[in-house]
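Me: Please take a close look at the strand pairing in the model shown below. I should also like an account of its surroundings, with the criteria stated for each term.

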Amino acid sequence: ESWVACVSHLKENAIRLVGVEIHPKATTIDTLLMDDATNRIDTAFLMGNEGQGINPKNMASCDAFVRIPQYGVGTASLNVYVASSIVLQRFHQWQTQLRERKNQIVV
């Protein structure tokens, strides 16, 4: 019930839900932000657990998915703290740049 209420709140307030997951439809965070024609700033990120990722019920509620590019032959996994830090830092940088561009527009 609390998950349904959370998703309803996000939808009612035009907040997109982005899952951070290795998923066939996942793009990089930069691609998601560059392709965002609406320039929405309101976004909630959903992180999966370190062992199994996001469960299918929660995954079905996501509007989009992002992944963190990783190189090498090791396990394609980061702990949740590190993954959250990377995604939120990149999102913050994008938000800041977007606000600066909006403030530079002269009417």
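**Strand pairing and its surroundings**

Reply: Strand E1 and strand E4 (residues 64–67) pair in the parallel sense, over 3 bridges. The model is a predicted one, in which local features require a pLDDT of at least 70 and side-chain atom pairs count only at pLDDT 80 or more, while totals for chains, interfaces and linings use all residues. Residues are numbered from 1 along each chain as its sequence is written, and side-chain values use heavy atoms, with hydrogens and water left out.

Two strands are taken to pair if DSSP finds at least two bridges between them. The elements themselves are DSSP runs numbered from the N terminus: helices are H or I runs of at least four residues, and strands are E runs of at least two. Within the pairing of E1 and E4, Val18 stands opposite Ala64 in E4. E4 also runs parallel to strand E2 (residues 27–28), to which 2 bridges join it; here Arg67 in E4 is the bridge partner of Thr28. E1 in turn pairs with E3 in the parallel sense over 5 bridges, and Gly19 has Leu46 in E3 as its bridge partner. The outcome is an open sheet of 4 strands with parallel pairing, in the order E2-E4-E1-E3. E2 and E3 are its edge strands, each pairing on one side only.

These strands belong to a protein chain with 4 helices and 4 strands, arranged along the sequence as α-β-β-α-β-α-β-α. A contact means heavy atoms within 4.5 Å. Among the contacts between residues at least 6 apart in sequence, 82% join residues at least 24 apart.

Helix H1 (residues 2–12) has a side directed towards part of the sheet. Its residues Trp3, Val7 and Leu10 are buried, where buried means under 20% relative accessible area, exposed means over 50%, and partly exposed lies in between (1.4 Å probe, protein chains only). The three lie on the same side of H1 because they cover an arc of only 60 degrees around the axis, the arc being that of the directions from the helix axis to the C-beta atoms. As a general matter, an α-helix has 3.6 residues a turn, so residues three or four places apart point the same way. The buried residues of H1 pack against strand E1 (16–20), strand E3 (43–47) and helix H3 (56–59). On the other side of the helix, Ser2, Val4 and Glu12 are exposed. After H1 comes Ala14, with a positive phi near 55 degrees.

H1 also takes part in the 1 salt bridge found in the whole structure, a salt bridge being a side-chain nitrogen of Lys or Arg within 4 Å of a carboxyl oxygen of Asp or Glu. In it, the side chains of Asp63 and Lys11 meet at 2.6 Å, N to O. Because Lys11 is in helix H1 and Asp63 in the loop between H3 and E4, the pair ties together parts 52 residues apart in sequence. Both count as partly exposed, Asp63 at 42% relative accessibility and Lys11 with a relative accessible area of 43%.

The edge strand E3 contributes to an aromatic contact as well. Rings of Phe, Tyr and Trp (its six-membered ring) pair if their centres lie within 6.5 Å; planes under 30 degrees apart count as stacked, over 60 as edge-to-face, and the rest as tilted. The count by this rule is 2 aromatic pairs. Phe45 and Phe91 form an edge-to-face pair, since their ring centres are 5.2 Å apart and their planes stand at 80 degrees. This pair links distant parts of the chain, with Phe45 in strand E3 and Phe91 in helix H4 (residues 80–104), 46 residues apart. Phe91 also forms a tilted pair with Trp94, at 5.5 Å centre to centre and 35 degrees between the planes. Being 3 residues apart in H4, Phe91 and Trp94 are separated by about one helical turn. Phe91 counts as buried at 7% relative accessibility, and Trp94 counts as buried at 6%. Ring pairs thus link Phe45, Phe91 and Trp94 into a cluster.

For the chain as a whole, buried residues make up 36% of the 107 residues. The chain exposes about 7,300 Å², of which carbon and sulfur atoms supply 55%; accessible areas come from the Shrake-Rupley method with a 1.4 Å probe, and for residues only the protein chains shown count as cover.
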